[in-house]
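Hi,

Here is the structure I said I would pass on. Have a look at it first, and my notes on what turned up follow below.

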Amino acid sequence: MVKLRLRRFGNRNRPVYRVVVADQRSPRDGKIIEEIGTYNPLQKDNNFRLDLERVDYWLGVGAQPSDTVASFIKKSRKAGDAAPAEEAAEESAPAAEAAPEPAPAPAEEAPAAEATAEAPEAAANTEAEAEEPKSEE
């Protein structure tokens with residue numbers, strides 16, 4: 001059976017865990033199938049991260065989460081539901097600020113056009129230099 005569980009890393013008294021997909025029979029820090037997140041218990045807030053797409057995939061194919069990983073999934077989904085509402089409010093405010101930014105962009109394109117105009121001349125010089133050594137041989 002495949003399990004979603006924690007794998008310990010870090011030093012003594014400073015644990016850091018990775019959320020992994022592993023066979024139930026393998027040891028805690030043994031062979032894994034895939035790493036899908038991290039957990040730092042010494043950090044106060046936002047101390048874990050999960051790749052929910054991969055979690056959904058593994059749960060869909062029958063993997064069983066450990067109790068701790070199941071609580072992380074639950075918290076992550078709850079935070080994920082609240083985050084889109086906050087992001088939508090934040091995106092509306094910067095949209096008004098983003099309108100003035102495209103004006104400087106055409107000024108930046110002009111030097112690029114000059115650079116492309118100079119490039120053929122430089123290419124012609126290198127071709128002429130390349131032909132000269134061939135004629136000497």
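Strand β1 runs parallel to strand β5 (residues 64-65), and two bridges join them. In that pairing, L4 sits opposite P65 of β5. One caution before you go further: this is a predicted model, so please read everything here in that light.

On to the other partner of β1. Strand β1 (residues 2-11) pairs with strand β2 (residues 14-23) in the antiparallel sense, over 10 bridges. Two of the facing pairs are worth picking out on screen: L6 stands opposite V19 in β2, and F9 stands opposite V16, also in β2. The hairpin that β1 and β2 form has two residues between the strands. One residue to click on there is N13, in the loop between β1 and β2. N13 has a positive phi, near 65°, and is not a glycine. Is N13 buried or exposed? N13 counts as exposed, because its relative accessibility is 66% and the cut-off for exposed is over 50%.

There is a similar case further along. N46, in the loop between β3 and β4, has a positive phi near 55°, again in a residue other than glycine. N46 is exposed too, with a relative accessible area of 65%.

Now zoom out to the whole sheet. The five strands make an open sheet in the order β4-β3-β2-β1-β5, and the pairing is mixed. Why is one side of β4 and of β5 left without a neighbour in the sheet? These two strands stand at the edges and each has a single partner strand, so there is nothing in the sheet on the other side. Besides the five strands, the protein chain has three helices, and along the sequence the pattern reads β-β-β-β-α-β-α-α. Helix α1 lies across β1, β2, β3, β4 and β5, and runs at about 125° to β3.

What about the inside? The largest nonpolar core has 14 residues, and the ones that touch the most other members are L4, V19, I36, L50 and F72. At least two residues each come from β1, β2, β3 (34-39), β4 (48-50), α1 (52-60) and α2 (67-98). The largest share, three residues, is supplied by α2.

I36 is a good place to centre your view. Leaving out residues up to four places away in sequence, I36 touches L4, V19 and V20, among others. Its list also includes L50, R54, V55 and W58.

E34, which lies in strand β3, is worth a look as well. With the same neighbours in sequence left out, up to four places away, E34 touches V19, V20, V21, R54 and W58. With W58 there is also a polar contact: the two side chains, of E34 and W58, are joined at 2.7 Å.

Finally, some totals for the protein chain. Of its 137 residues, 18% are buried. The chain exposes about 10200 Å², with carbon and sulfur atoms supplying 51% of that area. Among contacts with a separation of 6 or more, 34% are between residues 24 or more positions apart.

If you only have a few minutes, I would start with the hairpin of β1 and β2, where N13 takes its positive phi, and then go to I36 and its contacts, L4 and W58 among them.

Cheers

Conventions:
Residues are numbered from 1 along each chain as its sequence is written. This is a predicted model: local features need pLDDT of at least 70, side-chain atom pairs count only at pLDDT 80 or more; totals for chains, interfaces and linings use all residues. Side-chain values use heavy atoms; hydrogens and water are left out. Two strands pair if DSSP finds at least two bridges between them. Helices (H or I, at least four residues) and strands (E, at least two) are DSSP runs, numbered from the N terminus. Buried means under 20% relative accessible area, exposed over 50%, partly exposed in between (1.4 Å probe, protein chains only). Contact means heavy atoms within 4.5 Å. Accessible areas come from the Shrake-Rupley method with a 1.4 Å probe; for residues, only the protein chains shown count as cover. A nonpolar core is a set of buried Ala, Val, Leu, Ile, Met, Phe, Trp, Tyr and Cys residues joined through side-chain atoms within 4.5 Å. Axes are lines fitted to C-alpha atoms, for helices over the stretch in contact, and angles run from 0 to 180 degrees between N-to-C directions. A polar contact is a pair of N or O atoms within 3.5 Å; within protein, one must be able to donate a hydrogen and the other to accept it, and residues adjacent in sequence count only if both atoms are side-chain atoms.
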